[in-house]
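Visitor: Good morning. Could you take me through this structure step by step?
Guide: Certainly; please ask as we go.

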Amino acid sequence: MDRWQPAWIGVGSNLEDPRAQVLAAIARLGQLPRTRLVLASQLYRSRPFGPVAQSDFVNAVAAVLTQLDPTALLAELHAIESSMGRPERHERWGPRIIDLDLLAFGSQRLEEPGLTLPHPGIVERNFVLYPLSEIAPALDLPGLGRVADLAAAVTAEGISLL
C-alpha cells in the first residue's frame with residue numbers, strides 16, 4: 001500500500017501511572033514505520049467499562065496517516081502493547097498497562113478474524129467517542145454515522161477531562 005490512509009487509534013491505561021503510559025504510547029505511534037502521528041486528543045479520565053472492579057482509566061485518541069494496511073497497523077499496535085508490558089493474554093475488560101485499539105481506518109469496513117472496522121462497540125463508549133469527536137468530529141464512521149452525532153448520543157457520565 002503506497003497511499004497514505006488516515007487511521008484513528010484509541011489509547012487507554014489504568015495501571016502504573018496511566019497518564020504517563022498513554023502519553024508514551026502516543027509518542028510511540030509517531031515512531032511506527034511508514035506512519036505519521038497527526039493529532040492526539042486531550043486526556044480523559046473514565047470509569048472502567050465492563051464488570052471488573054478496577055481503577056479509572058486514562059483515555060485518548062490519536063490520528064495517524066499510514067501507508068500500512070489495517071492488518072499490519074494492528075500488528076504494530078500489538079507490538080507497542082507488548083513492548084510496554086501488556087501480557088498477550090489478559091482479562092477481558094480488565095485492568096491494563098496499555099490498550100491500543102484500531103478504531104477506524106479511512107472509510108473501510110472490514111470484518112476478519114481479529115480485526116473489525118470500525119471497532120465494534122464504539123457507538124456506546126463515551127471514552128472513545130468524546131476524544132475522537134475532539135479531533136475528528138466530521139469523521140463518518142462507515143455504517144455508524146458521523147462522530148459528532150454519535151458522541152452527542154452518549155452520556156457524559158463517568159468521563160471528564162484530565
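Visitor: How much area does the protein expose, and what share of it do carbon and sulfur atoms supply?
Guide: About 8100 Å² is exposed, and carbon and sulfur atoms supply 51% of it. Accessible areas come from the Shrake-Rupley method with a 1.4 Å probe, and for residues only the protein chains shown count as cover.

Visitor: What kind of model is this?
Guide: It is a predicted model, in which local features need pLDDT of at least 70 and side-chain atom pairs count only at pLDDT 80 or more, while totals for chains, interfaces and linings use all residues. Residues are numbered from 1 along each chain as its sequence is written, and side-chain values use heavy atoms, with hydrogens and water left out.

Visitor: Which elements make up the secondary structure?
Guide: There are four helices and ten strands. These are DSSP runs numbered from the N terminus, with at least four residues for helices (H or I) and at least two for strands (E). From the N terminus the order is β-α-β-β-β-α-β-β-β-α-β-β-α-β.

Visitor: What percentage of the residues is buried?
Guide: Of the 162 residues, 47% are buried, meaning under 20% relative accessible area with a 1.4 Å probe, protein chains only.

Visitor: Which residues have the most contacts inside the largest nonpolar core?
Guide: They are Ile 9, Val 11, Leu 29, Leu 100 and Leu 102, in a core of 26 residues. Such a core is a set of buried Ala, Val, Leu, Ile, Met, Phe, Trp, Tyr and Cys residues joined through side-chain atoms within 4.5 Å. Among the elements giving two or more residues to this core are strand E1 (5-13) and helix H1 (18-29). A second, separate core has 20 residues, including Phe 127 and Leu 132.

Visitor: And what does Leu 100 touch?
Guide: Leaving out residues up to four places away in sequence, Leu 100 touches Ile 9, Gly 10, Val 11, Ala 25, Leu 77, Ile 80, Glu 81 and Arg 86. Contact means heavy atoms within 4.5 Å.

Visitor: Turning to helix H3, why is it largely enclosed?
Guide: Helix H3 (residues 126-135) has eight of its ten residues buried, so the rest of the structure largely encloses it. Pro 131 and Ile 135 are among those buried residues.

Visitor: Where is Ser 41 found, and is it buried or exposed?
Guide: Ser 41 lies in the loop between strand E2 (35-40) and strand E3 (44-46). Its relative accessibility is 8%, so Ser 41 counts as buried. Among the residues that Ser 41 touches are Pro 131 and Ile 135, both of which are buried residues of H3.

How values were computed: Buried means under 20% relative accessible area, exposed over 50%, partly exposed in between (1.4 Å probe, protein chains only).
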